[in-house]
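Here are a few worked exercises to try with the model open beside you. Take each task on your own before reading its solution.

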Amino acid sequence: MDKKLEPMHSTIAELGETVTQVITMMGGYKKTFRGVKTNSFLVGEYSHFETTDGRKVMIRTENILIIEVTKE
């Protein structure tokens, strides 16, 4: 369980209220998330964010290699 979650204050919000993210994880697995709310990011042991269709996504932060973010 996360000890402390910190809001992720970053330049991602400058792209708008929602973005598309392509997350590349260990082993080369890629997952695309559309409609990611830029004000919903929390970072701790797990990275959390929400999408416009109501999903809450949690990914173990240490498994992330790269996150590509594009404006919608």
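**Exercise 1: the core**

Which residues make up the largest nonpolar core?

Solution. Keep in mind from the start that this is a predicted model.

Step 1. Look for buried nonpolar residues, where buried means under 20% relative accessible area, and join those whose side-chain atoms lie within 4.5 Å.

Step 2. The largest nonpolar core then has eleven residues: Ile12, Val19, Ile23, Met25, Phe33, Val36, Phe41, Phe49, Val57, Ile59 and Ile64.

Step 3. Now assign them to strands: E2 (18–25), E3 (30–37) and E6 (56–60) each supply at least two residues of this core. E2 gives the most, with three residues.

Step 4. Zoom in on one member, Val57. Setting aside residues up to four places away in sequence, Val57 touches Phe33, Ser47, His48 and Phe49.

**Exercise 2: the surroundings of Arg60**

Find where Arg60 sits and what it is in contact with, leaving aside its neighbours within four places in sequence.

Solution.

Step 1. Arg60 belongs to strand E6.

Step 2. Its relative accessible area is 29%. Buried ends at 20% and exposed begins over 50%, so Arg60 is partly exposed.

Step 3. With the sequence neighbours left out, the contacts of Arg60 are Glu45 and Tyr46.

Step 4. For a backbone view, take Gly44, 16 residues away from Arg60 along the chain: the two C-alpha atoms are separated by 8.6 Å.

**Exercise 3: charged pairs**

How many salt bridges does the count come to?

Solution.

Step 1. Side chains of opposite charge can pair when their charged atoms come close. The cut-off here is a side-chain nitrogen of Lys or Arg within 4 Å of a carboxyl oxygen of Asp or Glu.

Step 2. Applying it gives four salt bridges.

Step 3. One of them joins Arg60 and Glu45, whose closest N and O atoms are 3.0 Å apart. Arg60 lies in strand E6 and Glu45 in the loop between strand E4 (42–43) and strand E5 (46–50), so this pair ties together parts 15 residues apart in sequence. Glu45 is partly exposed, at 35% relative accessible area.

Step 4. Glu62 also forms a salt bridge with Arg60, with 3.2 Å between the closest N and O atoms. Glu62 counts as exposed, because its relative accessibility is 58%.

Step 5. Put these pairs together, and Glu45, Arg60 and Glu62 are linked in a network of salt bridges.

Step 6. Another pair is Arg55 with Asp53, where the closest N and O atoms are 3.1 Å apart. Arg55 is partly exposed at 37%, whereas Asp53 is exposed at 53%.

**Exercise 4: a nonpolar patch and a loop residue**

Which residues make the nonpolar surface patch of about 310 Å², and where is Tyr29 found?

Solution.

Step 1. The patch is made by Met26, Leu65 and Ile66.

Step 2. Check Ile66 against the patch rule, which asks for over 30% relative accessible area. Ile66 has 44% and is partly exposed, so it passes this cut-off. Ile66 lies in strand E7 (residues 64–71).

Step 3. Turn to Tyr29, which is in the loop between E2 and E3. Not counting residues up to four places away in sequence, Tyr29 touches Ile23 and Thr24.

Step 4. Finish with a distance: Tyr29 and Ile64 are 35 residues apart along the chain, and their C-alpha atoms are separated by 9.7 Å.

Conventions
Residues numbered from 1 in each chain as written. Predicted model: local features only at pLDDT ≥ 70, side-chain atom pairs only at ≥ 80, totals over all residues. Heavy atoms only, no water. Patch = residues over 30% accessible without salt bridge, like charges linked within 9 Å, V, L, I, M, F, W, Y side chains within 5 Å. Areas by Shrake-Rupley, 256 points an atom, 1.4 Å probe, with all protein chains shown as cover. Helix = DSSP H or I, 4+ residues; strand = E, 2+ residues; numbered from the N terminus. Buried < 20%, exposed > 50% of the residue type's maximum accessible area, 1.4 Å probe, protein only. Contact = heavy atoms within 4.5 Å.
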